[in-house]
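Reader: I should like a close examination of the enclosed spaces in this model. Please set out what surrounds them and which elements contribute to their walls.

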Amino acid sequence: MSEALVLGGGGVAGIAWITGLLAGLAEAGQDVTGAGLLVGTSAGATVAAQLGSGLSLEELYARQAEPGRQNAELMAELDLEAFGAQMAGALGDTSPIPELRRAIGGFSLTADTVPEPERRAVIEARLPSHEWPERAVKLVAVDAATGEPRVFDNTSGVSLVDAVAASCAVPGIWPPATIEGHRYVDGGVRSAANADYAAGASRVLIILPLGQAEPFPCEKPLVEAVAELRAAGAEVALLEPDEASLAAIGSNPLDPASRTPAAKAGRAQGRTAKIDWA
C-alpha cells in the first residue's frame, strides 16, 4: 500500500502543532511518518523537510517544545480575519483563479517586508539537514509573476532551503523567494494543503493546522480534492486541531511564542486521536 502524508499551512504554530501531533500519534501506536510521499505546503513544507532530515521524531518534537532548543524566528503579526480583508482589497474585482493568484503575487512583490536574505537565514536554521530526503517529497509554491503553481522535489535542481522558503513566503508578510530568476510565494495561495498532489497514493492522511477553510480562492478546494482521491480508490483521513490545540495555536500563528504550547497541545491530541480512514 502506498501512503501519502499531506501537511498544510499554519505558521510557526502550525509547524509545532503538526510535529507534536505526529509525536503523539506515534506514542499511541499510530506512527504515520514513514509515508512514502510527503506533500508539504508552507508550514507543512517545513515539517516535510524536517521529517526527512534523519532526526528522530522525539528530537524534532524537542526542537519545537523546548524553548532552549528552538531556532530563532522573526516575529510577525497575522490576524487571519484582517489578513483576509487585506487580500480582498488587493484582489479587487479580479475573478478567474489564475488572475487572482497573479494579483496576490503582485501584491507580494511590492509589500514592505524584511530583506529576503534575513528570511532565508531563518528557514535555513529551521532545517536540521539541507539535503533533500531520500523519499518522495513535494513542496508547493506559486510563481508571483504568473500565478502558476510549482512543485519542487529532489529532481528540480533547487536547494531544499530555497524550496521551503518559497513554500513559506506568506504574501505581504514575508518576501517572495528568488529561485532561478523567478519569485515565489506561499503554496497556500493555491490551496491550504494541495492534497490533490497526493494522487496515486492508496492511503492519504491530511493534517490541517488551521482547519479546512481555504485562505484564498482556489480551483481545487479541499473538499473536491478529497472527493477525487476517494473516487480514485484512496482511503483518506483528515486531522485538524481540537479545541485545546486551537487555543494553544492562538490568534497569531506566526508568533514564535506559540510554538511550545502548540507542540504540547498537538502531542496531547495525537495521543488520543483516532484516524478515521474512509
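To begin, how many cavities of 30 Å³ or more does the structure hold?

Author: The model is a predicted one, and the structure holds 3 cavities of 30 Å³ or more. The two largest are described in turn below.

The largest cavity contains about 70 Å³ of space. Its lining consists of Gly11, Val12, Ile15, Ser42, Ala43, Arg119, Arg126, Cys168, Val170, Trp174 and Leu254. By class, these lining residues comprise 7 nonpolar, 2 polar and 2 charged. Two helices, α1 (11–27) and α6 (116–126), each provide at least two residues of this lining. The greatest contribution is that of α1, with 3 residues.

Since α1 gives the most to this wall, the helix merits separate attention. Of the 17 residues of α1, 15 are buried, so the helix is largely enclosed by the rest of the structure. Its length may also be checked against expectation: at 1.5 Å a residue, the 17 residues of α1 should span 24 Å, and the C-alpha atoms at its ends are 24 Å apart, which agrees. Just after α1, Gly29 adopts a positive phi of about 85 degrees.

The second largest cavity contains about 60 Å³ of space. Glu116, Arg119, Arg120, Asp162, Ala165, Pro175, Pro176, Ala177 and Thr178 form its lining. These residues divide into 4 nonpolar, 1 polar and 4 charged. At least two lining residues come from each of α6, α7 (160–167) and β5 (177–179). Here α6 gives the most, with 3 residues.

The two linings may now be considered together. Arg119 appears in the lining of the largest cavity and also in that of the second largest. Likewise, α6 supplies at least two residues to the lining of the largest cavity, and α6 is the element that gives the most to the lining of the second largest. As to composition, the lining of the largest cavity has 7 nonpolar and 2 charged residues, whereas that of the second largest has 4 nonpolar and 4 charged.

A further position may be added to this account of enclosed parts. Ala234 is situated in the loop between α8 (222–231) and β8 (235–239). Its relative accessibility is 8%, which is under the 20% limit, so Ala234 counts as buried. Leaving aside residues up to four places away in sequence, Ala234 touches Ala201, Ser202, Val204, Leu229 and Ala278.

Methods: Residues numbered from 1 in each chain as written. Predicted model: local features only at pLDDT ≥ 70, side-chain atom pairs only at ≥ 80, totals over all residues. Heavy atoms only, no water. 1 Å grid on protein atoms, 1.4 Å probe; cavity = no way out; pocket = protein on both sides within 12 Å on 5 of 7 lines; lining within 4 Å. Points joined across faces, edges and corners; volume = space filled by probe spheres on them. Helix = DSSP H or I, 4+ residues; strand = E, 2+ residues; numbered from the N terminus. Nonpolar A, V, L, I, M, F, W, Y, C, P; charged D, E, K, R; others polar. Expected span 1.5 Å × (residues − 1). Buried < 20%, exposed > 50% of the residue type's maximum accessible area, 1.4 Å probe, protein only. Contact = heavy atoms within 4.5 Å.
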